[in-house]
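Subject: The structure we talked about

Hi,

Here is the structure I promised to pass on. Have it open while you read, and my notes on what turned up follow below.

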Amino acid sequence: STSCTGGFSNQRTVGGNTQVASRGAPFNAYQLTFTNSGNTIVTIYGVTVDLSDYQHHVFAQPHDTNLGNGAGITLGRGQSRQIVETAGAAHPVASCDVVSWQP
């Protein structure tokens with residue numbers, strides 16, 4: 001199963017460099033949670049999400065195919081993993097929905 005929550009993060013990585021937001025000025029972000037509730041090991045290689053603003057308008061549909069630096073995210077039975085992705089300070093992320101994911 002997957003879920004997505006909009007919100008903020010105090011750091012992001014751009015071009016391999018980690019940037020930390022100044023106090024009181026976090027980056028808009030979204031958090032993805034992947035949970036393996038099945039009976040076999042699962043590796044997730046990509047995910048597509050809809051990002052919405054505070055008026056519930058979808059303003060972006062990011063597609064991340066570089067999960068785990070290209071190796072994917074492997075989950076054993078019952079395991080969960082959270083990933084925080086920043087969307088850029090110019091776009092407030094109020095909510096997000098997982099459109100699809102690629103095992």
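Before the notes on empty space, one definition: a pocket is an open set of grid points with protein on both sides within 12 Å along at least five of seven lines, and its lining residues have an atom within 4 Å of a point. Please also keep in mind that this is a predicted model.

So, which residues line the largest pocket? They are Ser9, Gln11, Arg12, Thr13, Val84, Glu85 and Thr86. The space in that pocket comes to about 210 Å³. Two elements give two or more residues each to its lining, namely strand E2 (11-14) and strand E10 (80-86). Sorted by class, the lining has four polar residues, two charged ones and one nonpolar one.

Then there is the closed kind of space. How many cavities of 30 Å³ or more does a search of the whole structure find? Just one, and the volume of the largest cavity is about 30 Å³. Around the largest cavity you will find Tyr30, Leu32, Val47, Thr48, Val49, Pro62, Asp64, Leu67 and Glu85. Strand E4 (27-35) and strand E6 (46-52) are the elements that give two or more residues to this lining, and E6 has the largest share, with three residues. By class, the cavity lining splits into six nonpolar, two charged and one polar residue. Did you spot Glu85? Glu85 is in the lining of the largest pocket and also in the lining of the largest cavity.

Now for the sheet. Three strands make up an open sheet in the order E1-E4-E10, with antiparallel pairing. Strand E1 (2-9) and E10 are the edge strands, each pairing on one side only. On average, neighbouring strands in this sheet are turned by 20 degrees against each other, ignoring direction.

What holds the strands side by side in the bridge list? E1 is joined to E4 by eight bridges, and E4 is joined to E10 by seven. If you want to trace some of the partners, try these:

- Glycine 7 sits opposite alanine 29 in E4.
- Glutamine 31 sits opposite valine 84 in E10.
- Leucine 32 has isoleucine 83 in E10 as its bridge partner.

Is E4 mostly covered or mostly open? Mostly covered: seven of its nine residues are buried. While you have that sheet on screen, remember that side chains in a regular strand alternate between the two faces of the sheet.

One last stop is glycine 7, which belongs to strand E1. Why does glycine 7 count as buried? Its relative accessibility is 17%, and buried means under 20%, so glycine 7 makes the cut. Apart from neighbours within four places in sequence, glycine 7 is in contact with Phe27, Asn28, Ala29 and Val93. For a sense of distance, glycine 7 and glutamine 79 lie 72 residues apart in sequence, and their C-alpha atoms are 23 Å apart in space.

That's my tour. A good way in is to click on the pocket lining, then follow the sheet strand by strand.

Cheers

How values were computed:
Residues are numbered from 1 along each chain as its sequence is written. This is a predicted model: local features need pLDDT of at least 70, side-chain atom pairs count only at pLDDT 80 or more; totals for chains, interfaces and linings use all residues. Side-chain values use heavy atoms; hydrogens and water are left out. On a 1 Å grid over the protein atoms alone, a cavity is a set of points where a 1.4 Å probe fits but cannot get out, and a pocket is an open set with protein on both sides within 12 Å along at least five of seven lines; lining residues have an atom within 4 Å of a point. Grid points are joined across faces, edges and corners, and a volume is the space filled by probe spheres set on the points. Helices (H or I, at least four residues) and strands (E, at least two) are DSSP runs, numbered from the N terminus. Ala, Val, Leu, Ile, Met, Phe, Trp, Tyr, Cys and Pro count as nonpolar, Asp, Glu, Lys and Arg as charged, and the others, Gly among them, as polar. Two strands pair if DSSP finds at least two bridges between them. Axes are lines fitted to C-alpha atoms, for helices over the stretch in contact, and angles run from 0 to 180 degrees between N-to-C directions. Buried means under 20% relative accessible area, exposed over 50%, partly exposed in between (1.4 Å probe, protein chains only). Contact means heavy atoms within 4.5 Å.
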